[in-house]
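Trainee: I'm completely new to this one and would like a slow tour. Let's put it on the screen and begin with a helix.

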Amino acid sequence: RDWVAESQRGFPPVRAGRYFVYGSHETDPVPPGRIGIRIDAGQAFGTGHHDSTLGCLVALDGLARRYRFAAPLDVGCGSGILSIAMAKTWGVPVKACDIDPVAIRVARYNIRDNGVAGRVTPFVGKGLSNRRVGRIRAYDLILANILARPIIAMAPHVAARLQPGGVSVFSGILAREAQGVLCAYRAQGFRLIRRIIIGEWATLVLAR
C-alpha cells in the first residue's frame with residue numbers, strides 16, 4: 001500500500017470563505033479569487049482540518065469584510081497557518097509565538113513556503129508575558145487558537161495589549177466552555193460580536 005498517498009488523501013483542500021488551504025501534494029491550482037495557503041501535515045498543529053482552526057479561518061474571513069488591521073498577534077501559532085492567513089489578507093507585519101520550539105521551526109518553514117517571510121515574525125515564547133510580544137496596547141488583532149483555560153487566564157494580558165476598539169479571536173474552546181471564556185472577557189470590557197460553532201468547537205470574536 002502507498003502509505004504516503006493514503007495519508008495525503010486524508011488531507012484534502014480546505015475551503016473557508018476566501019481561504020483555500022492545501023498540501024504540497026495538490027496539483028490543481030488555487031481557485032480564482034481565493035487566498036491560497038499551503039500547509040502540509042507535520043509536527044505542529046494546524047492544517048485547517050480541525051474544527052477550531054476552521055472556525056478561526058471563517059472568523060478572519062468575516063472580519064476582512066469589515067476591518068483593516070495593522071498589527072496582528074497570533075498566540076500559540078502552531079504550524080503558522082493563521083499567521084499566514086492574516087499576513088496574506090491584510091498585507092501587514094504579524095507576530096507569531098508558540099511555547100513549542102518544534103512548532104516554531106515548522107511555522108518558519110511554512111511562512112517561507114507561502115512567501116510571507118518578510119511579514120510574519122515567529123518566535124518561541126509563553127503567551128503575552130514574553131518580552132518579545134512587546135509593549136502595552138501594541139496590537140489591534142489578537143488571535144489565540146489554544147485551549148479554554150489558558151485563554152481565560154490571559155484575559156487581563158489581552159486587555160492590556162489590545163488597542164481600544166481592537167478585536168480578539170479565540171478558539172480551541174469546546175462549545176460548553178464558551179460561556180466561561182465570555183465571562184472572563186466581559187469582566188475586562190469586551191463584548192461578543194460573533195460566535196461560530198463547528199462540531200463541538202466554538203470560535204469567539206470579541207471587541208474591546
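**Inside and outside**

Trainee: Which residues of α3 are buried?

Mentor: In α3 the buried residues (under 20% relative accessible area with a 1.4 Å probe on protein chains only; over 50% is exposed, in between partly exposed) are Ile 81, Leu 82, Ser 83, Ile 84, Ala 85, Met 86, Ala 87, Thr 89 and Trp 90. Keep in mind that this is a predicted model, where local features need pLDDT of at least 70 and side-chain atom pairs count only at 80 or more, while totals for chains, interfaces and linings use all residues. Residues are numbered from 1 along each chain as its sequence is written, and side-chain values use heavy atoms, without hydrogens or water.

Trainee: Why is helix α3 called largely enclosed by the rest of the structure?

Mentor: The helix runs over residues 81–90 (helices are DSSP runs of H or I with at least four residues, strands runs of E with at least two, numbered from the N terminus), and because 9 of its 10 residues are buried, it is largely enclosed by the rest of the structure. Just after α3 comes Gly 91, which takes a positive phi of about 60°.

Trainee: Which residue has a positive phi although it is not a glycine?

Mentor: That would be Arg 137, with a positive phi of about 55°. Arg 137 sits in the loop that runs between β6 (120–124) and β7 (139–145), and with a relative accessibility of 46% it counts as partly exposed.

Trainee: New topic: how many aromatic pairs does the structure hold?

Mentor: There are 5 aromatic pairs (Phe, Tyr or Trp rings, the six-membered one for Trp, with centres within 6.5 Å; planes under 30 degrees apart are stacked, over 60 edge-to-face, the rest tilted). One of them is the stacked pair of Tyr 67 and Phe 69, whose rings lie 5.4 Å apart centre to centre with 5° between the planes. Within this pair, Tyr 67 is partly exposed at 23% relative accessible area, whereas Phe 69 is buried at 4%.

Trainee: And what about Phe 170 and Tyr 185?

Mentor: Their ring centres are 4.6 Å apart and their planes meet at 45°, so this pair is tilted. Phe 170 belongs to strand β8 (residues 162–174) and Tyr 185 to helix α7 (residues 178–186), so the pair ties together parts that are 15 residues apart in sequence. Both Phe 170 and Tyr 185 are buried.

Trainee: Which residues form one aromatic cluster?

Mentor: Tyr 67 and Phe 69 come back here, forming one cluster together with Trp 90, which is also among the buried residues of α3.

Trainee: Switching to Ser 52, is that residue buried or exposed?

Mentor: Ser 52, which is placed in helix α2 (residues 51–64), is buried, with a relative accessible area of 2%. Beyond its neighbours within four places in sequence, Ser 52 is in contact (heavy atoms within 4.5 Å) with Phe 45, Asn 145, Ser 171, Gly 172, Trp 201 and Thr 203.

Trainee: Last one: where is Ala 44 found, and what does it touch?

Mentor: Ala 44 lies in the loop between β3 (35–38) and α2, and it is buried at 10% relative accessible area. Not counting residues up to four places away in sequence, Ala 44 touches Gly 78, Ser 79, Ala 103 and Val 106. Ala 153 is 109 residues from Ala 44 along the chain, and the C-alpha atoms of the two are separated by 23 Å.
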